[in-house]
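User: Please take a close look at one part of this model, the second domain and its strands, and set it in the context of the whole chain. I would like one connected account rather than a list.

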Amino acid sequence: MNQPKWLYVLLLSSALAACGGSSSPENGSSSSSSSSSNPASSSSASASSEPASTVFVCPESGLYFCDDFSDGTADQWVLQSSPDNPEGEPNGTFDVVEDGDNHVLRFTAASQGGELAFIDVNALEIPSEDYYVEARIRPRENSTTGNKFLYLVARYHSEGNWYAAGLNVQNNTDSTKVEIAKSVDGTIDRPVQVGREIVQGPRDTLEGGQWYTVRFELIGDTLTVYFNGENVGSHTDTDYTGIGDIGLFTANKSFEIDDVVIGDPANKPVQLTIDPASNEWIAEAQTDDYVIDVTAVQSNGDPDTFSVESSNTAVVGVDVQGNQVHLSPLAEGEATVTFTSGSDATLVRTIEATITPAFVQPTAVYDLAERVVPAVGATDILRDTRIKLTFDDVPTLGAAGSARIYRASDDAVIDNISVLGEQDSLQSADRARTLNTEQIWVEGNSVVIAPHYGVLEPGETYYVAIADGVIDGTLNGAEFEGLGKDAAWTFSTTADAPSGNELTVAESGEADFRTVQGALSYAMLELGKDDAVTVNVMNGTYREPLYLRNKNNLTLRGESRENTRIEYRNNEQLNGGTSGRPLFLVESADMLVLEHLTIENTTLIGDGGQAETIYFNSSHRLVAKDAAFLSEQDTLLLKGYSWFYESLVAGNVDYIWGYVEAALFENSEIRTVGRSDGGSGGYILQARTPDSVKGFVFLNSELTRGEGPTGANVADNTFALARSGGSQDYFDNVVFINTRMDDHIRSSAWHTDPTPNPATATATNGWREYNSMDINGDPLDTSGWVSYSLTEEEYEAEFSTREKIFSTFNNGEGWSPLP
């Protein structure tokens, strides 16, 4: 590797953008995926001159409108959001604040978003309906759990009727998007949704966060959105013409905005994007380089120059190789790596690098007898074993560092397991599920280390090493200073492979696997797709995420519901998106049976939001018998056909939801639990079903309440049976049959904002009930409910048995599962 230099400049072109052609600049950092710049234009690197100011100043001419808020006011705006607004109108607060050497407009969200502000028409001089509106936006965290749109609005015709483009900000950057939106009478459609990493700064401060440049271009009937200068998508629509009003919409995020400009769409933005797009990088010193592809483009479309600077070259070295930048983790510490556009010195991208200490083999030795699993010198160890070291008292984990597994025969590093920034991949036959994970954790007086899946080979001898500083604790009265080869913690894996269709998982003793995923992976990789297989899971707590794909006829059978527990903390913040955040992701599987076990996503709602126990992403069948599913928000996400029999589902916000044909909860308990975030209300269901299907059906079941994970209780009259997703693209098909309901259910039963589809339920669509009772079995007065009450004939014909509820399975073949 070349010796790092303080600064590199890659010369791709000598031309600079024309005065009117640059985008409004960025102060701070942002990131976006991109393709490479033209490698044929590159030449050798050289040092740059001092950077120009990064504070944008509105030019005297060349734009239709510009506001950099440098006068400390928002006088060019009509601010509609106010804490004094009546209920239902946006009630957040605007103010102009100093941000270093700059001034920005800040919006602090309250409980209601909407159409927040418009540019004063007296400040606009736009010659035609073809223009672009652009701004720098820095999103902030706030308590919103619903939609998190943050849009620039254009061609506004009237309330609820406009075009927009901007950011969809989520708690996890894997789910964030850049979007084009269209609102018709307040219903928002998003025809362009492109994934891009968007981070949020902490709330109640101007520190942290990232600036993103969003440009919304309107030329005739073509709408285009740019993100950090990159054209990420277009859409054609003819409904809204004319200049219209221009403003801001959010539902419902806090943010800062600056450098709002409107101009001629013939002038394109300058682009500077990096891939990978993450603005954070954590690495161990003296490990592999982090390689980044850079795209730098001038406003005329020609390749641009860019420079790269490390704020601490002793920590992170920089080496430019063509269109790639290699970052070398040299030594422990922190550094900011800054990429700067050659055309526009205010256009920058930054990466915050945290480099943990280089691994050094400790020399300390200990008496490890009865302290470690596997035991010193143990043989025939299963390949998916967990490594455990037990201390005198409860240990704590350090802020950084790693444990390693070495092959004893040649001292090769087989696995490097870090305290921070870990990922693991769960492999199916044709796809891997890769997750941000926790591979080292404290469990009582022990530290557990989970090797990455599949790294241990059969019939090999390994030894364990743990860097000093990874664990703070005492071992046999002595301070733990790490351990290495001298500690002689060796073990050998079994050379025997599992076989057959009856598998056992156990934490200790005779078994085929130590992890549930080990058994699932064996079933996916070694058995036929339709071969029946039973995985018997012995009592114990199995802390792991799960993945099953393209494997039918699998039964996961616990030893007992109370004592066979699969648990893990996974959520929208850790692994965003419906496929990222569930504990158990199931794809394209039929006849998955879960029985006599508990699956719990241990996420607290305020710490991660949406956190499914299982996402059954299949059009086929799922069976749960004598099973428990525990979380807070979005406990179950279902598709296809599912039968929950004598089971427990617990949560507090939309905790049963999805796109089912028929999901039957029979003789089961649906338990609403107290919210760990202090909230006092919520909803059981959100259905998004096709037209005229059975949907979510509750037959002879109970709606109960209980303590949440932090001991919070559920008050009377605080929870709705369901709320709608508010779309005409799917139906709110939910049916309660012979259901007992405790007093936490609202007297009105249903939450009607947004309006369900259909707004007026019928015997075949929408919210329905039959013979609803209080928890003691006495009839409830449902006359004030918006739901449809089935007649006895309708109940008998369609919902009285599971055979009738599942009659449409497999194009009318039907399905009649047995207890």
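Analyst: In this predicted model, the protein chain is divided into domain 1 (63–263), domain 2 (271–356), domain 3 (372–493) and domain 4 (660–818). The part in question is domain 2, residues 271–356, and the UniProt record, in an unreviewed entry, lists residues 268–349 under "domain: BIG2". That annotated span is 0% helix and 56% strand, and the C-alpha atoms at its two ends lie 19 Å apart.

Strand β24 (residues 348–356) is a good place to begin, and it is mostly covered, with 7 of its 9 residues buried. One of its partners is β18 (280–284), which pairs with β24 in the parallel sense over 5 bridges. Strand β23 (residues 333–341) is joined to β24 by 8 bridges, and these two strands run antiparallel. The β23 and β24 strands also form a hairpin, with 6 residues between them. A353 of β24 brings the two pairings together at one residue, since A353 is the bridge partner of W281 and also the bridge partner of A335. As a general matter, strands of a sheet pair through backbone hydrogen bonds, either parallel or antiparallel.

The loop that leads into β18 deserves attention as well. P276 is found there, between β17 (271–275) and β18 (280–284). With a relative accessible area of 30%, P276 is partly exposed, because that value falls between the 20% limit for buried and the 50% limit for exposed. Leaving aside neighbours within four places in sequence, P276 is in contact with Y290, V291 and I292. P276 is also 9.5 Å from E197, C-alpha to C-alpha, although 79 residues separate the two in sequence. E197 falls within the bounds of domain 1 (63–263).

Domain 1 offers a strand to set beside β24. Strand β15 (residues 245–251) is mostly covered, 5 of its 7 residues being buried. Strand β6 (residues 114–119) is joined to β15 by 4 bridges and runs antiparallel to it, with E115 standing opposite F249 of β15. Strand β8 (residues 149–158) is joined to β15 by 6 bridges, again in the antiparallel sense, and there G247 of β15 is the bridge partner of V153.

On the other side of domain 2 in sequence comes domain 3 (372–493), where 4 strands form an open sheet in the order β25-β27-β34-β33, with antiparallel pairing. Because β25 (372–373) and β33 (440–443) stand at the edges with a single partner strand each, one side of each is left without a neighbour in the sheet. The partner of β33 is strand β34 (residues 446–449), and the two pair in the antiparallel sense over 4 bridges, with E443 opposite S446 of β34. The centres of domain 3 and domain 4, taken over C-alpha atoms, are separated by 46 Å.

Helix α1 gives a contrast in secondary structure. This helix (residues 516–526) is mostly covered, with 9 of its 11 residues buried, among them V516, G518, L520 and Y522. S521 lies in α1 and counts as buried, because its relative accessibility is 15% and the limit is 20%. Not counting residues up to four places away in sequence, S521 touches Q427 and E526.

For the setting of these parts, the secondary structure of the protein chain comes to 5 helices and 62 strands. Buried residues make up 55% of the 819 residues, and among contacts between residues at least 6 apart in sequence, 69% join residues at least 24 apart. The protein chain has a radius of gyration of 29 Å, which agrees with the value near 28 Å that a compact globule of 819 residues would have. Along its principal axes the C-alpha trace spans about 75 × 75 × 45 Å. The chain exposes about 31500 Å², of which carbon and sulfur atoms supply 43%.

To return to the part you asked about, β24 is paired in the parallel sense with β18 and joined to the antiparallel strand β23, with A353 as bridge partner of W281 and of A335.

How values were computed: Residues numbered from 1 in each chain as written. Predicted model: local features only at pLDDT ≥ 70, side-chain atom pairs only at ≥ 80, totals over all residues. Heavy atoms only, no water. Pairing = 2+ DSSP bridges. Domains from an automatic or database assignment. UniProt positions renumbered as here; feature names shortened; annotations may be inferred. Rg over C-alpha atoms; globule rule 2.2 N^0.38 Å. Buried < 20%, exposed > 50% of the residue type's maximum accessible area, 1.4 Å probe, protein only. Contact = heavy atoms within 4.5 Å. Areas by Shrake-Rupley, 256 points an atom, 1.4 Å probe, with all protein chains shown as cover.
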